[in-house]
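Work through these short exercises with the model in view. Try each task before reading its solution.

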Amino acid sequence: MPPIDKRSAKSFIRTNERIRAREVRVIDENGEQLGVMAPFEALKMARERSLDLVEISPNAVPPVCKIQDYGKYLYEKDKSERAARKKQKVITIKEVKFSVTVDEHDYQTKKNQAVRFLNDGDKVKASLRFKGRQMAHRDLGYKIINRLIVDIGEAGLVEFMPRMEGTTLHAILAPGKKTEAAPKKPTPAPATPAAKPPAAIEA
């Protein structure tokens, strides 16, 4: 048995002599169906073309194998996976903390911060912690968090409405749907002044 290619071991892809199915459905390097046959027959065809036999659908019945350059296949597969990872946005939760006694300037700063996080694609946890006797005025905390939700508007969608956990009131907002800018109305062309009638020619 030939040594196991480290790349195929890593990706769990069977190739060539390691394909153990009794029969396989074979596709050639041009995408043409060659039919169902024994793996050794398919491998012989691959060797005649200086290519590999790669099992691309192991769970199919029978498994599907393709005649192709295995090194090129791995390169293209790795390239597409890297491109997919780049497109993925890792969503994190950013916390914005308030207090019952927050002043207007601090509130606006925190609100703008929350909007910026949401526009960047992150979720926002708005939290407000009550201290000591402030627990008797929980309605003030709810007013602040609810005001934040209203002020953020379409920039955020409420994922969890304000709720108490111990001495902390919090809500979670997710990024809102970005609205497309409305198309600009075409500027009307300036009205062309009416032409003056030609002056009468005196005899």
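The exercises below go from the whole chain to single residues, and the model is a predicted one.

**Exercise 1. Describe the overall make-up of the protein.**

Solution.
- Step 1: count the elements. The protein has 5 helices and 8 strands.
- Step 2: read their order. From the N terminus it is α-β-β-α-β-β-α-β-α-β-α-β-β.
- Step 3: look at burial. The protein has 203 residues, and 31% of them count as buried.
- Step 4: look at contacts. Of those with a separation of 6 or more, 54% join residues 24 or more positions apart.
- Step 5: look at the surface. The accessible area is about 14800 Å², and carbon and sulfur atoms hold 54% of it.

**Exercise 2. Check the span of helix α5, then find which of its residues are buried.**

Solution.
- Step 1: work out the expected span. Helix α5 covers residues 138–152, which is 15 residues, so at 1.5 Å a residue it should span 21 Å.
- Step 2: compare. The end C-alpha atoms of α5 are 22 Å apart, which agrees.
- Step 3: list the buried residues. In α5 they are G141, I144, I145, L148, I149 and I152.
- Step 4: look down the axis. The buried residues of α5 fall within an arc of 135°, so they line one face of the helix.
- Step 5: turn to the other side. The face away from the buried side of α5 carries the exposed residues K143 and V150.
- Step 6: find the partners. The buried residues of α5 pack against β5, α4, β6, β7 and β8.
- Step 7: step past the end. Just after α5, G153 has a positive phi of about 60°.

**Exercise 3. Decide whether D52 is buried or exposed, and find its polar partner.**

Solution.
- Step 1: place the residue. D52 belongs to strand β3, residues 52–57.
- Step 2: apply the cut-off. Buried means under 20% relative accessible area. D52 has 18%, so D52 is buried.
- Step 3: find the polar contact. The side chains of D52 and N16 make one at 3.1 Å.
- Step 4: look at other neighbours. D52 also touches residues including A46, R47, K66 and Y70.

**Exercise 4. Classify the aromatic pairs.**

Solution.
- Step 1: count. There are 2 aromatic pairs.
- Step 2: take Y70 and Y73. Their ring centres are 6.3 Å apart and the planes are at 25°, so the pair is stacked.
- Step 3: locate them. Y70 and Y73 both lie in helix α3, 3 residues apart, about one turn of the helix. Both are buried.
- Step 4: take F98 and Y107. Their ring centres are 5.9 Å apart and the planes are at 45°, so the pair is tilted. F98 and Y107 are buried as well.

Key. Residues are numbered from 1 along each chain as its sequence is written. This is a predicted model: local features need pLDDT of at least 70, side-chain atom pairs count only at pLDDT 80 or more; totals for chains, interfaces and linings use all residues. Side-chain values use heavy atoms; hydrogens and water are left out. Helices (H or I, at least four residues) and strands (E, at least two) are DSSP runs, numbered from the N terminus. Buried means under 20% relative accessible area, exposed over 50%, partly exposed in between (1.4 Å probe, protein chains only). Contact means heavy atoms within 4.5 Å. Accessible areas come from the Shrake-Rupley method with a 1.4 Å probe; for residues, only the protein chains shown count as cover. The expected span of a helix is 1.5 Å times one less than its number of residues. The arc is that of the directions from the helix axis to the C-beta atoms. A polar contact is a pair of N or O atoms within 3.5 Å; within protein, one must be able to donate a hydrogen and the other to accept it, and residues adjacent in sequence count only if both atoms are side-chain atoms. Rings of Phe, Tyr and Trp (its six-membered ring) pair if their centres lie within 6.5 Å; planes under 30 degrees apart count as stacked, over 60 as edge-to-face and the rest as tilted. Lists of a residue's contacts leave out its neighbours within four places in sequence.
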